[in-house]
Amino acid sequence: MSTPSPLVTDPAFALAFRSLQPAPARPASLLVLLHGVGGNEGNLAGLGAEVGGDTLVVLPRGPITLGPDAFGWFRVAFTSAGPRIEAGEADASRRALIAFIAQLQQAHAIDAAHTTIAGFSQGGILSASVALTASERVAAFAVLAGRILPELEPQLADAQRLSTLRGYIAHGLHDDKLPVDWARRADAWLTRLGVSHEMKLYPGGHELDAAMRADLLAWLARGD
């Protein structure tokens, strides 16, 4: 059974993180899983433990401390006009993740073609932010109960780089934190950008339920 390592805080890496142990001696691929706002790097360990044994699963910690054992990638206020984000924090986390992935790839001799980033809620937002602006770093990304930030528009990679990506959107029809319309907007935007992707909607709310987990794992396996 895979378990998270002790927290790694090494200046050679842009973020603190745990990896699932035992790690493969020579990993064939890299999966970076991002927790949601107010969560921590252990939240998606159970999901990561279900991934194939030749994949290095890394669980970074969001850089913003929100409370005891509670972290985030950026601060956000939910208003009647929709989510209002701290854009500077979101961009700093995006850049930190891009650097972090490059550091992991170099440390473990894994190339971008075998790298996937995925996350839940705010972690899904950052997964899309990294993939759509630095598609030379990852081959695939998954947004689970998240959204794609409109603020990314000026930073998007060019059409040629975006054409190499594979995306996945999963969302609950009754999500009361990020309504399902955000998933539909993401689906339409990725179509306009020419990014190959799938979207699946579920009867639940703002959660990563068993059906969503199973479908994500199947999608990950198809990309091997």
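**Entry 1. Serine 121**

I began with serine 121, which I located in the loop between β9 and α3. The model is a predicted one, and I read every entry below in that light. I looked up the backbone of serine 121 and noted a phi near 55°, a positive value in a residue other than glycine. I then asked whether serine 121 is buried or exposed. Its relative accessible area is 9%, and residues under 20% count as buried, so I recorded serine 121 as buried.

**Entry 2. The second largest pocket**

Serine 121 led me to the second largest pocket, whose volume is about 190 Å³. Its lining has 16 residues, and those closest to the centre are Val37, Phe78, Ser121, Gln122 and His206. I checked which elements contribute and found that β7 (76–79) and α3 (122–133) each supply at least two lining residues. I also sorted the lining by class: 8 residues are nonpolar, 6 are polar and 2 are charged.

**Entry 3. Strand β9**

I next turned to β9, which spans residues 115–120. How many of its residues are buried? I found 6 of 6, and I therefore entered β9 as mostly covered. I examined the two faces of β9 separately. Thr115, Ile117 and Gly119 lie on one side, Thr116, Ala118 and Phe120 on the other, and all of these are buried.

I then looked up the neighbours of β9 in the sheet. With β3, the pairing is parallel over 5 bridges, and leucine 30 has threonine 115 in β9 as its bridge partner. With β10, the pairing is likewise parallel over 5 bridges, and glycine 119 is partnered by valine 143 in β10.

**Entry 4. The sheet as a whole**

I followed the strands outward from β9. They belong to an open sheet of 8 strands in the order β1-β2-β4-β3-β9-β10-β11-β12, with mixed pairing. The edge strands are β1 and β12 (196–202), each of which pairs on one side only.

On the β10 side, I noted that β10 (residues 140–144) and β11 (residues 166–172) pair in the parallel sense over 5 bridges. Alanine 142 stands opposite tyrosine 168 in β11.

Towards the β1 edge, I recorded antiparallel pairs. β2 and β4 (residues 55–60) are joined over 3 bridges in the antiparallel sense, with phenylalanine 17 opposite proline 60 in β4. β1 and β2 are also antiparallel, over 2 bridges. Threonine 3 has glutamine 21 in β2 as its bridge partner.

**Entry 5. Serine 5 and proline 22**

I stayed at the β1 edge to examine serine 5, which lies in the loop between β1 (3–4) and β2 (17–21). Which residues does serine 5 touch, leaving aside those up to four places away in sequence? I listed Arg18, Ser19 and Gln21. Serine 5 has a relative accessible area of 10%, below the 20% limit, and so I entered it as buried.

Glutamine 21 drew my attention again at its peptide bond to proline 22, which is cis, with omega near 0°. Proline 22 itself is placed in the loop between β2 and β3 (29–34).

**Entry 6. Alanine 109**

I looked for another positive phi and found one at alanine 109, near 55°, again in a residue other than glycine. Alanine 109 sits in the loop between α2 (87–108) and β9. Its relative accessible area is 72%, over the 50% limit, and therefore I listed alanine 109 as exposed. I set this beside serine 121, whose phi is also near 55° but which is buried.

**Entry 7. Two partly exposed residues**

I looked up serine 163 in the loop between α4 (159–162) and β11. At 47% relative accessibility it counts as partly exposed. I checked its distance to serine 196, 33 residues away along the chain, and found 7.2 Å between the C-alpha atoms.

I then turned to alanine 218 in helix α6 (residues 210–222). Its relative accessibility is 33%, and alanine 218 thus counts as partly exposed. Its C-alpha atom is 29 Å from that of proline 150, with the two positions 68 residues apart along the chain counted as their separation.

**Entry 8. The database record**

Finally, I consulted UniProt, where an unreviewed entry lists residues 26–216 as "domain: Phospholipase/carboxylesterase/thioesterase". In the model, this span is 32% helix and 27% strand, and its end C-alpha atoms lie 24 Å apart.

Terms used. Residues are numbered from 1 along each chain as its sequence is written. This is a predicted model: local features need pLDDT of at least 70, side-chain atom pairs count only at pLDDT 80 or more; totals for chains, interfaces and linings use all residues. Side-chain values use heavy atoms; hydrogens and water are left out. On a 1 Å grid over the protein atoms alone, a cavity is a set of points where a 1.4 Å probe fits but cannot get out, and a pocket is an open set with protein on both sides within 12 Å along at least five of seven lines; lining residues have an atom within 4 Å of a point. Grid points are joined across faces, edges and corners, and a volume is the space filled by probe spheres set on the points. Helices (H or I, at least four residues) and strands (E, at least two) are DSSP runs, numbered from the N terminus. Ala, Val, Leu, Ile, Met, Phe, Trp, Tyr, Cys and Pro count as nonpolar, Asp, Glu, Lys and Arg as charged, and the others, Gly among them, as polar. UniProt positions are given in the numbering used here, feature names are shortened, and annotations may be inferred rather than shown by experiment. Buried means under 20% relative accessible area, exposed over 50%, partly exposed in between (1.4 Å probe, protein chains only). Contact means heavy atoms within 4.5 Å. Two strands pair if DSSP finds at least two bridges between them.
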